[in-house]
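Here are my notes on the model, in numbered points. Please read them with the structure open.

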Amino acid sequence: MNPWLIVLIIVVVLLLIAFFLVAFIPYRMAFYNNDKYSYEDSINHLLKGPEYEKFNDVTVEGIKNALEYPHKDYEIISHDGLKLHGRFYGLIKGAPIILEFHGYKGNCVRDLAGGLNHDKKEGYNIFMVDQRGHGLSGGRTISFGIKERYDVLTWVDFLNKEFNNPIIFLYGISMGAATVLMASSFKYSSNVRGIIADCPYSSPVEIVVKVAKDMGIKEWFSKPILTIGAKVFGHFNINESSAIEEVKNTTLPILIIHGTSDTFVPCEMSKRIKKSNDEMIRLELFEGAPHGFSCYVNIERYFKLIKDFENNLINV
């Protein structure tokens with residue numbers, strides 16, 4: 001065999017290996033969940049850092065309440081064949097249901113337990129969802145709302161059949177907030193009344209590039225590599241959808257909540273989302289709140305905003 005041909009083959013193989021590693025490693029870091037911990041173990045997976053640790057006691061209390069409250073577990077199948085798990089807290093028979101979606105690498109109990117006592121008091125039922133790739137739901141790939149937005153539709157259809165078309169509000173925090181906003185342009189039945197989004201990001205590609213930048217990786221490198229990794233190994237296009245674009249076509253009223261001290265998902269992202277549809281979106285900022293903790297910075301104001309928003313839409 002021609003020695004130059006052998007060299008060429010070796011170079012091509014090495015380039016393919018390099019490409020694989022360069023795209024696969026970012027995929028594993030950003031889009032793959034290798035730690036789907038149990039609800040009980042959520043206490044050992046609280047957010048790290050002094051801005052979060054001061055809320056540990058109240059967070060743990062909420063998790064323990066969620067584990068002890070009576071509930072019913074449900075499983076459904078997604079549009080693409082994944083098992084999806086939900087946890088229903090039927091606090092008041094026939095009451096409106098808040099369909100809730102948690103954040104990145106969390107689960108429904110860790111991220112959503114804080115509202116249980118409030119919603120029981122105000123007369124709402126809670127349906128917490130483990131997003132695909134998290135908790136008891138199937139899969140390992142996290143697509144930052146690209147595929148998850150279709151799961152919102154699937155869960156709404158399930159609730160309509162299981163509970164005879166109850167009044168439904170969509171709620172999400174962090175990635176869950178972006179997910180429900182990215183699902184906001186779908187056409188829902190009239191019993192779906194509104195969306196509450198706590199600290200959403202503007203688009204999947206913008207948040208992964210921002211986090212990479214925080215790690216010292218330049219956008220010119222991170223953006224194409226993350227895009228390729230998502231496409232090749234996650235089988236999704238990270239540029240396919242965004243909260244900014246989808247809210248332009250929504251018919252649902254939206255309440256966005258964001259902390260001004262959020263360094264993970266800057267509140268500027270929520271401001272840009274609001275500008276996409278000023279008429280349908282109300283934005284409320286919480287001074288000094290870090291990522292996902294507006295609730296605990298001012299719990300009275302937080303739940304009053306949500307209560308007023310929901311109550312104004314129940315009889316529409």
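1. Burial. Of the 316 residues in the protein chain, 54% count as buried. Keep in mind that this is a predicted model. The exposed surface of the protein chain comes to about 14,500 Å². Carbon and sulfur atoms supply 58% of that area.

2. Overall build. The protein chain holds 13 helices and eight strands. Its radius of gyration is 21 Å, and the globule rule gives 20 Å for 316 residues. The two values are close, so the chain is as compact as a globular protein of that length. Along the principal axes, the C-alpha atoms fill a box of roughly 80 × 40 × 40 Å.

3. Contact range. Take the contacts in the protein chain between residues at least 6 apart in sequence. Of these, 76% join residues at least 24 apart.

4. Charge. There are 34 positive and 36 negative side chains in the protein chain. The centres of the two sets lie 3 Å apart.

5. A covered helix. Helix α7 spans residues 175–182 and is mostly covered. Eight of its eight residues are buried. They are M175, G176, A177, A178, T179, V180, L181 and M182.

6. E284. Is this residue buried or exposed? E284 has a relative accessible area of 15%, so it counts as buried, the cut-off being under 20%. E284 is found in strand β8, residues 281–286. What does its side chain pair with? The side chain of E284 makes a polar contact with the side chain of R301, at 2.7 Å. Leaving out residues up to four places away in sequence, E284 touches L255, I256, I257, H258, R301 and L305. R301 therefore appears both as a polar partner and in the list of residues touched by E284, where contact means heavy atoms within 4.5 Å.

7. K105. The phi angle of K105 is near 55°, a positive value in a residue other than glycine. K105 is found in the loop between β3 (97–101) and α4 (108–112). Its relative accessible area is 24%, so K105 is partly exposed.

8. H235. This residue also calls for a look at the backbone. H235 has a positive phi of about 60°, although it is not a glycine. Its place is in the loop between α9 (219–234) and α10 (243–246). H235 counts as exposed because its relative accessibility is 59%, and the cut-off is over 50%.

Conventions. Residues numbered from 1 in each chain as written. Predicted model: local features only at pLDDT ≥ 70, side-chain atom pairs only at ≥ 80, totals over all residues. Heavy atoms only, no water. Helix = DSSP H or I, 4+ residues; strand = E, 2+ residues; numbered from the N terminus. Buried < 20%, exposed > 50% of the residue type's maximum accessible area, 1.4 Å probe, protein only. Polar contact = N/O pair within 3.5 Å; in protein donor to acceptor, adjacent residues only side chain to side chain. Rg over C-alpha atoms; globule rule 2.2 N^0.38 Å. Areas by Shrake-Rupley, 256 points an atom, 1.4 Å probe, with all protein chains shown as cover. Lys, Arg positive; Asp, Glu negative; His and termini not counted. Charge placed at Lys NZ, Arg CZ, Asp CG, Glu CD.
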